[in-house]
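Welcome, and please open the model in your viewer. We will go from stop to stop, with something to select at each one.

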Amino acid sequence: MPSYPRDPNLHKNHRSRLRKKALDYGVDCLEDHELLEMLLFSSIPRADTNETAHRAIEACGSLPEVLAASEEELLKLPRIGPGSVGLLKTVHALCTRYIDDYGDGGRTLGDTDAILTLCEDWFRGRSNKNLFVVSLDSLDRVLKTADLRVETETPRARLVAVAREAAQTYASAVVIAYAGAGSFAPPTNEDRALVKELAAVLNKSRVRLVECVVFAGGRAFPIS
């Protein structure tokens, strides 16, 4: 196949045109790779971010998966250095924090299927240190979703963290979810013992445990 020289004017003023497109038609009109390349303007000041964005999305599978990728995975991508990694991980943290704090406010968690679907969404792209506690009002409407990011996996630490969060939010009920000990491990006897003890502790404060979920192997399992 013949090789053709690259047109040096192909990306001339591209950044200005992309910014103008976003201003004229709104950021929502941009495709995923355009959103990513605009973001990378901040960390890659004088280079073609269009190709970088395309190759990052192709390697990871999608824009959300680029943001959720680990630092090690991102550093393997072409032209992605520590500055870009820091920027991408900051944006990912902002997105997840926004969803945790506002995305489910007022939502009613009325059945187990809805809870399991929500839990699977939470754990995408997150570490196994995450411990989610959903505080509910008396009508099972979401007051707050907290990611407590417990640094230890001991059952006692989880129990204390959940009880403290329920008290601070004046919850009438809670849903909790955390990652299992193994990659594909369903709920264990230790998990069930934790749930029983947690329910008893919460009951003393008149807080009802609606559901406890363990996440393993890409799936959320209710613990009964």
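## A walk through the sheet and its helices

Start by selecting strands β1 and β2, residues 142–147 for the latter: these two pair in the antiparallel sense over 5 bridges. Keep in mind as you look that this is a predicted model.

Now colour the stretch that connects them. β1 and β2 form a hairpin with 5 residues between them, and D140 in that turn has a positive phi of about 65 degrees. Two pairs are good to label here. V134 has T145 in β2 as its bridge partner, and S135 stands opposite K144 in β2.

**Next, the other side of β1.** Select strand β3, residues 173–179. β1 and β3 are also antiparallel, with 6 bridges between them. To find your place, label L131 and look across to Y178 in β3, which stands opposite.

**Stay with β1 and show its side chains.** Which way do they point? L131, V133 and S135 point one way, while F132, V134 and L136 point the other way. In a regular strand the side chains alternate between the two faces of the sheet. Are the residues of β1 buried or exposed? In β1, which covers residues 131–136, 6 of the 6 residues are buried, so the strand is largely enclosed by the rest of the structure. A residue counts as buried when its relative accessible area is under 20%.

**Zoom out to the whole sheet.** Select every strand and read across: the 5 strands form an open sheet in the order β2-β1-β3-β4-β5, with mixed pairing. Which strands stand at the edges? They are β2 and β5 (219–222); each has a single partner strand, so one side of each is left without a neighbour in the sheet. Turn the view a little to look along the sheet: on average, neighbouring strands are turned by 20 degrees against each other, direction ignored.

At the β5 edge, select β4 together with β5. These two strands run antiparallel and are joined by 4 bridges. Label V214 and F221 here, since F221 in β5 is the bridge partner of V214.

**Bring in the helices that lie across the sheet.** Select helix α7, residues 112–123. α7 lies across β1, β2, β3, β4 and β5, and runs at about 45 degrees to β4. Then add helix α9, which lies across β3 and β4 and runs at about 155 degrees to β4.

**Keep α9 and add α8.** The two helices to show are α8 (residues 155–168) and α9 (residues 189–204), which pack with their axes 10 Å apart at an angle of about 30 degrees. That angle makes α8 roughly parallel to α9. The crossing of α8 past α9 is right-handed.

To see where they touch, show side chains on both helices. On the α8 side, the residues in contact are P155, R156, R158, L159, V162, A163 and A166. On the α9 side they meet E190, D191, L194, E197, L198, V201 and L202. What kinds of residue make up this contact? By class, there are 9 nonpolar, no polar and 5 charged residues.

**Two loop residues to visit.** Select R79, in the loop between α5 (71–75) and α6 (82–103). Its phi is near 65 degrees, a positive value in a residue other than glycine. R79 is exposed, with a relative accessible area of 53%.

Then select R206, in the loop between α9 and β4 (208–216). R206 is not a glycine, yet it has a positive phi of about 60 degrees. At 76% relative accessibility, R206 also counts as exposed.

**Last stop: the whole chain.** Show everything as a cartoon and colour by position. How many helices and strands are there? The chain has 9 helices and 5 strands. From the N terminus on, the elements run α-α-α-α-α-α-α-β-β-α-β-α-β-β. Of the 224 residues in the chain, 40% are buried. Finally, turn on contacts if your viewer offers them: among contacts between residues at least 6 apart in sequence, 60% join residues at least 24 apart.

Definitions and conventions. Residues are numbered from 1 along each chain as its sequence is written. This is a predicted model: local features need pLDDT of at least 70, side-chain atom pairs count only at pLDDT 80 or more; totals for chains, interfaces and linings use all residues. Side-chain values use heavy atoms; hydrogens and water are left out. Buried means under 20% relative accessible area, exposed over 50%, partly exposed in between (1.4 Å probe, protein chains only). Two strands pair if DSSP finds at least two bridges between them. Axes are lines fitted to C-alpha atoms, for helices over the stretch in contact, and angles run from 0 to 180 degrees between N-to-C directions. Angles under 35 degrees count as roughly parallel, over 145 as roughly antiparallel, 65 to 115 as roughly perpendicular and the rest as oblique. A crossing is left-handed if the near helix is turned anticlockwise from the far one by less than a right angle, and right-handed if clockwise. Contact means heavy atoms within 4.5 Å. Ala, Val, Leu, Ile, Met, Phe, Trp, Tyr, Cys and Pro count as nonpolar, Asp, Glu, Lys and Arg as charged, and the others, Gly among them, as polar.
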